[in-house]
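Hello,

Here is the structure I promised to pass on to you. Have a look at it first, and then read on for my notes.

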Amino acid sequence: VPEATTARRYLIAALASAGDMQAARGELAALLQRQPNSTIRRTRDGHPLRNERLLRRLLDALQQAGMPS
């Protein structure tokens with residue numbers, strides 16, 4: 001579902017974590033096209049994930065994929 005931006009963030013993070021940076025960057029481009037104000041900071045501030053370690057892993061993977069800070 002293209003409008004499922006939270007799910008797309010998890011997909012981007014999973015692809016980046018698996019080392020498929022080309023696919024991760026492609027998905028990130030699609031996310032940014034749909035939601036151009038997506039950033040690491042906005043993701044951190046608005047994400048419901050409360051486990052700090054897991055949230056850090058998600059954010060690190062998104063950053064690896066090239067999500068703006």
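To start you off: does Asp45 count as buried or exposed? With a relative accessibility of 54%, Asp45 counts as exposed, since the cut-off for that word is over 50%. Before I come back to this residue, please keep in mind that the model is predicted.

**The overall picture**

The protein has 4 helices and 0 strands. Read from the N terminus, the order of elements is α-α-α-α. The C-alpha trace spans about 25 × 25 × 20 Å along the principal axes. A compact globule of 69 residues would have a radius of gyration near 11 Å, and the protein agrees with that, having 11 Å.

Of the 69 residues in the protein, 33% are buried. The protein exposes about 4,400 Å², and carbon and sulfur atoms supply 50% of that area. The contacts tell you something about how the chain is put together: taking those between residues at least 6 apart in sequence, 61% join residues at least 24 apart.

**Charges and salt bridges**

The protein carries 11 positive and 6 negative charges, and the mean positions of the two groups are 4 Å apart. Side chains of opposite charge can pair when their charged atoms come close. In this structure there are 4 salt bridges, and I will take you through some of them.

One of them is between Arg8 and Glu27, where the closest N and O atoms are 2.4 Å apart. This pair links distant parts of the chain, with Arg8 in helix H1 (residues 5-17) and Glu27 in helix H2 (residues 21-34), 19 residues apart. Is Arg8 buried or exposed? Arg8 is buried, because its relative accessible area is 16% and the cut-off is under 20%. Its partner Glu27 counts as partly exposed, at 23% relative accessibility.

Now back to Asp45. The side chains of Asp45 and Arg41 meet in a salt bridge, at 3.9 Å from N to O. Asp45 and Arg41 are 4 residues apart in helix H3 (residues 40-46), so about one helical turn separates them. Both Asp45 and Arg41 are exposed.

Asp45 also forms a salt bridge with Arg44, and here the closest N and O atoms are 3.5 Å apart. Arg44 counts as partly exposed, at 36% relative accessibility. Through salt bridges that share partners, Arg41, Arg44 and Asp45 are joined into one network.

**A few places to visit along the chain**

If you would like to click through some single residues, here are three that I looked at.

- Asp20 is found in the loop between H1 and H2. This residue is partly exposed, with a relative accessible area of 36%. Asp20 and Met67 are 47 residues apart along the chain, and 15 Å separates their C-alpha atoms.
- Gly26 lies in helix H2 and counts as partly exposed at 40% relative accessibility. Ala65 is 39 residues from Gly26 along the chain, with 9.1 Å between the two C-alpha atoms.
- Gln35 lies in the loop between H2 and H3. With a relative accessible area of 25%, Gln35 is partly exposed.

Which residues is Gln35 in contact with, leaving aside its neighbours within four places in sequence? They are Thr5 and Arg9. Gln35 and Thr5 are 30 residues apart in sequence, and their C-alpha atoms are 8.0 Å apart in space.

**Where to begin**

For a first look, you could start with the Arg8 and Glu27 pair, which links helix H1 with helix H2. After that, helix H3 is a good stop, with Asp45 and Arg41 4 residues apart in it.

Enjoy exploring, and do write back with any questions.

Best wishes

Terms used: Residues are numbered from 1 along each chain as its sequence is written. This is a predicted model: local features need pLDDT of at least 70, side-chain atom pairs count only at pLDDT 80 or more; totals for chains, interfaces and linings use all residues. Side-chain values use heavy atoms; hydrogens and water are left out. Helices (H or I, at least four residues) and strands (E, at least two) are DSSP runs, numbered from the N terminus. The radius of gyration is taken over C-alpha atoms; the globule rule is 2.2 Å times the number of residues to the power 0.38. Buried means under 20% relative accessible area, exposed over 50%, partly exposed in between (1.4 Å probe, protein chains only). Contact means heavy atoms within 4.5 Å. Accessible areas come from the Shrake-Rupley method with a 1.4 Å probe; for residues, only the protein chains shown count as cover. Lys and Arg count as positive and Asp and Glu as negative; His and the chain ends are not counted. The place of a charge is taken as NZ of Lys, CZ of Arg, CG of Asp or CD of Glu.
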